[in-house]
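Work through these exercises with the structure open. Try each task before you read its solution.

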Amino acid sequence: MKSYTARYSDGQTAQSKPVTLRFATQGLEIAGEGLQTLRWPYETLAANVPLTASTPKAIVKQKSDLGVTVFVEDNAAILALREKAPQLAAGRWRRAVVIPAVAFTLLIAGTAVGISYSGLRPAKTMAGFIPQEARVSLGNRVVKSLTRGRPRCSEPDGMAALNRLMNRLNLAAGLERPYEVRVVKWGLVNAFAVPGGTIVLTSGLIRNARNPDSVAGVIAHEIGHGLELHPEAGVIRAFGLSAASELFLAGSSGTLKNAGLILTALSYTRQGEREADAHAARILRKASISTKPLGQFFLDIEKRYGGKKGANRFSLLRSHPENKVRAALFNNQPSYPATPALSADEWKALRTICGKPLTAEQRRARRVARHRETIRRVTEKVTKKTAKWRDYRERAFAYQAQKNYYLALQDFNKAIELRTSDPNLFVARAQLHYRLKAYDKQVDDLTTAIGLKPDSTWFRDRRARANMRLQRWEAALEDHNALLKGEKKPSWRLKNRAETFFHLKRYEDAMRDLDVALAQSKRYLAARGWRSRVFLAQGKPQEALGEAEEAIKIVADSPIGKVLKAQALEALDRRDEALALYRGVVERFKKSRAKFDPTLSLYAWSIVYARNAASAADNR
Amino acid sequence: MIDDSDRKPGAGGAGPWERASQPPASPASALETQSPPPPPSTPAASAQPAPVQGEAAHPPAPSQDGPPPPRFASDTDPVAAGEPVALTWDRGGTQLVMLSLLNLFLRIITLNVYNFWAKTEVRKRIWSSVRLQGEPLEYTGTGKELFLGFLIIFGIVVLPILIVSFVIQIFGNPVAVLIFNLTLYIAVALLIGMGIYRAQRFRLSRTRWRGIHASMKPGGSMSYGWFYLWTAALIPITAGWIIPWRTTELNRRMVNAMTFGNRPLRFTGDCGPLYRRYWAVWFGGQLLFIGAAVIIGLLFFERFKASRPLPPKLETLDWVIVVVTLVVAYLIYAFISAWYRAGIINYFASQTRYGRAHFAGRATGLSLAWLDVSNFLIAFLSLGALAPIAQARTMRYYAMNLSVVGAVPFDRVGQNEDTVLQRGEGLAQAFDIDAFG
């Protein structure tokens, strides 16, 4: 039998002595000088490391482990050990842990799947145990943190209307504890239920609703969430998630520190939405309020915000990719006798619950006062020599609004002197130059701005138009080309370039751009119009006439098609017909203040052209 | 305080040696009069009975420029009791790359539950690569106890904190929240100190050599935790100048609680030598910060002046200058800091005594800085998967750079009868400060 050398320690003192190991049938035999031969049965053996086939050395001991150890440094001995005492093998050691742990993982996953399929809702069940006072307190906190800095609306008339609506809905829902609605001044279209029977409605939602029924529908929907304890369950879920992440990430995630997590919990699942919708339909029916306006409201929302990313995460819109499906649900409710949710007067009151909107006159007066105040404040600073570039810019805008263009120009100059590198300042001054009809200066400022911010398409677009106004077609073309370099070629930019080509007499190029623009948007009136002008300039009056007819088909009442048609007819020597068309246009648009300008829109150009043509005929 | 701590181990030091389990005729005198073999030449293989230490500040380490170690009987006696000690690192045989990847896989399929066993197997391999007198250390901890320790800590610390903070967020008024948060911060800070101490004790008590356990005396974690907490609070007040003293005292508390077998370790150092290097860290840090700020500031100023009225245009070269300045400043600082810590390692080693032997260290700033940087890169580039490699390299660094001066009478080092600490490293783990991950 092969034997191996090893070192033996008795566990009493930190000494060791040489021994020989033999793999006998009954067990591992350890023999040495001055040592009574030990025989350790193989099943009692333990080792300091799980043994792999390549483990070079090991400390062998017994499972009872009283400190008696044998250190063997011989891979052959290790291999023999693995064979005789398979419990020492690394694979066995790992399996003993991994198999139960994987079973545990599967159990957790299975439980999660099982819960979601069986309809058990542990978070909701637990939410039922939260006492009412706690819910209210929690709800108040959520409202506070969500609507921070936004005033609550409580105009008495509006409140009265809202209370009437809520009485009706609470009664219909058969609630012991009536729900309360708070309106906050917030432009966002949004509504949400918080724990404890409170619903928050934004003024933006009321403003965007077409009728009281859809507001009632939204409130009924949120009551549905409340009845299903969705807000409370969301809070519980948030807590459970944070506890679970603590557990499985072994404490590496942060603890729940603010209401933020609670709030994410307020976004519901689709199933939750369906439940709330079912409640809404039931409540509305019982309250004799039609469900169809709510359906229409969802469609409006879809149309307005559909596909827009980053809409508020708590908003009605979120997790509702199927707004259309929901709209169908409400639109397809069997009809029943319904009365409006609010009378016309009440609806008006509710719409002004955040205060009456200002009239145009009031707004203008407020603006004027604000400009005066700005000018006064900045002037004071200037006298004290504490004015900064921002102040000058502010006053420049105020002067500009007062049409004090030269004072405004001085302030812009000063602001630019103080802050030389702000492209927006140059653009602002360029705009002022435009007002002053100093187009070349406008172009200069825009050029500086573009130098500061070369990738701004907006600046370049402005310069292109300014150059067209100056009839610097080559320069304008350069900008147009730069703007149309990319993948995206908006049809209106193509049209602008075509216009430039037209003035450069590059008719082929103009035609190419117009064709692309028309392919993109078939009913593009200006593109049709320009095609007609290009044909005419190329000496093809018949084609020009055709295009003009097309333009008339797009918008019958527009002067563009008619004037172009008249031009074409003139070229075809049908002067009387043409003159009749011109006169028609002059008569139809006699109130228009359009004046001649080479880069005015085709619309203004056609009116001006008709007038000139008509008066020329009269003079003749 | 320093004097106290100095005396205590000194006074108690001889006791256990006299109670050695297999005494010769008169153990104490025998130790003193028996002539040891000549002390090992200084750069002999280094030995550290407790190479389990994860923190750079704690490991006893020899010094190349610290004050000369006090005289020992064994240094001068022609023959001293015991044998010279050889501490070596076993090259190869750990095969940690494959193990790390396997562990990663197993952790993923077990929702991280396997983590505790993965750690255990890594430790078993690393421990067995450290050899004393040619025989490996043994790690006797189990995955199960780490797991249970974690569950206990989760149940009695993490979950209650979570629940209370949740409830108080919802129902408490602002004052209650403030009081709770303050209490929580203090409690967590205290628990961090306790956790460091307990983790150290756990690892030591699971370290054996030739069947003999290392350990730490029971108790002491609370007082360590408080000391850790209030000295930490003083760091900003003293602008950092308390740090060397704090490091020394923390180390003293730790080392003086350690035993190997039935004999204690003693720490006899004080903080003076640490200050001799600390000033360089402190002033060097300030200077580097100011220097880097001036260079970058000047560059920006020049570019701004040149480009007026347009905004400064920074060329690629300018960015290279900025980045290089920052990286160089950081590397210089890292080196100064490593130089300081190497000094600590060497000095603490020279002041860590086991009977008549003490440690000696050869750590240098450059090698320590390289260890830091390379370990960081290994752990970072592998997204943490190869952290065990970094761990093994740290252990190797200590094993290769520490040695034992003087002889140890291993035949008289008996088994320690102390009970084994039951809990795992839960506290340390719950706050994620376990240097050995």
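**Exercise 1. A pair within one helix**

With which residue does Arg364(A) form a salt bridge? Explain the spacing of the two partners along the chain, and classify their exposure.

Solution. This is a predicted model.
- Step 1: The partner is Glu361(A), with the closest N and O atoms 3.2 Å apart. That falls within the 4 Å cut-off for a salt bridge.
- Step 2: Arg364(A) and Glu361(A) are 3 residues apart in helix 14 (residues 360–384) of chain A, so about one helical turn separates them.
- Step 3: An α-helix has 3.6 residues a turn, so residues three or four places apart point the same way.
- Step 4: Arg364(A) has 41% relative accessibility and is therefore partly exposed. Glu361(A), at 52%, is exposed.

**Exercise 2. A buried pair within a helix**

Are Glu499(A) and Lys495(A) buried or exposed? Locate their salt bridge too.

Solution.
- Step 1: The two side chains meet in a salt bridge at 3.8 Å, N to O.
- Step 2: They lie 4 residues apart in helix 21 (residues 491–503) of chain A, separated by about one helical turn.
- Step 3: Buried means under 20% relative accessible area. Glu499(A) has 5%, so Glu499(A) is buried. Lys495(A) has 15%, so Lys495(A) is buried as well.

**Exercise 3. A pair across chains**

Which side chain meets Lys57(A) in a salt bridge at 2.5 Å? Place both partners and give their burial.

Solution.
- Step 1: The partner is Asp90(B).
- Step 2: The pair crosses between chains. Asp90(B) sits in the loop between strand 2 (87–89) and helix 4 (96–109) of chain B. Lys57(A) sits in the loop between strand 5 (45–47) and strand 6 (58–62) of chain A.
- Step 3: Asp90(B) is buried at 15% relative accessibility. Lys57(A) is buried at 6%.
- Step 4: For the overall tally, the count is 47 salt bridges over all chains.

**Exercise 4. One face of a helix**

Why do the buried residues of helix 5 of chain A line one face? Describe the helix and its cover.

Solution.
- Step 1: Helix 5 (residues 156–173) of chain A has 18 residues. From first to last C-alpha it reaches 25 Å, close to the 26 Å expected.
- Step 2: Its buried residues include Ala161(A), Leu165(A), Met166(A) and Leu169(A).
- Step 3: Seen down the axis of helix 5 of chain A, the buried residues fall within an arc of 165°, so they line one face.
- Step 4: On the other side, Pro156(A), Asp157(A), Asn167(A) and Leu171(A) are exposed.
- Step 5: The cover over the buried residues includes strand 8 (180–184), helix 7 (212–227), helix 10 (270–286) and helix 13 (344–351) of chain A.
- Step 6: Just after helix 5 of chain A, Gly174(A) has a positive phi of about 65°.

**Exercise 5. A strand covered on both faces**

How many residues of strand 6 of chain B are buried? Sort them by face and find the strand's partners.

Solution.
- Step 1: In strand 6 (residues 212–216) of chain B, 5 of 5 residues are buried.
- Step 2: Ile212(B), Ala214(B) and Met216(B) lie on one side, His213(B) and Ser215(B) on the other.
- Step 3: In a regular strand the side chains alternate between the two faces of the sheet.
- Step 4: Strand 5 (residues 207–209) of chain B pairs with strand 6 of chain B in the antiparallel sense over 2 bridges. Trp209(B) has Ile212(B) as its bridge partner.
- Step 5: The hairpin of these strands has 2 residues between them, and Arg210(B) takes a positive phi near 50°.
- Step 6: Strand 7 (residues 258–260) of chain B is joined to strand 6 of chain B by 3 bridges, also running antiparallel. There, Ser215(B) stands opposite Thr259(B).

How values were computed
Residues numbered from 1 in each chain as written. Chains lettered and ligands numbered in written order. Predicted model: local features only at pLDDT ≥ 70, side-chain atom pairs only at ≥ 80, totals over all residues. Heavy atoms only, no water. Buried < 20%, exposed > 50% of the residue type's maximum accessible area, 1.4 Å probe, protein only. Expected span 1.5 Å × (residues − 1). Arc of directions from axis to C-beta. Contact = heavy atoms within 4.5 Å. Pairing = 2+ DSSP bridges.
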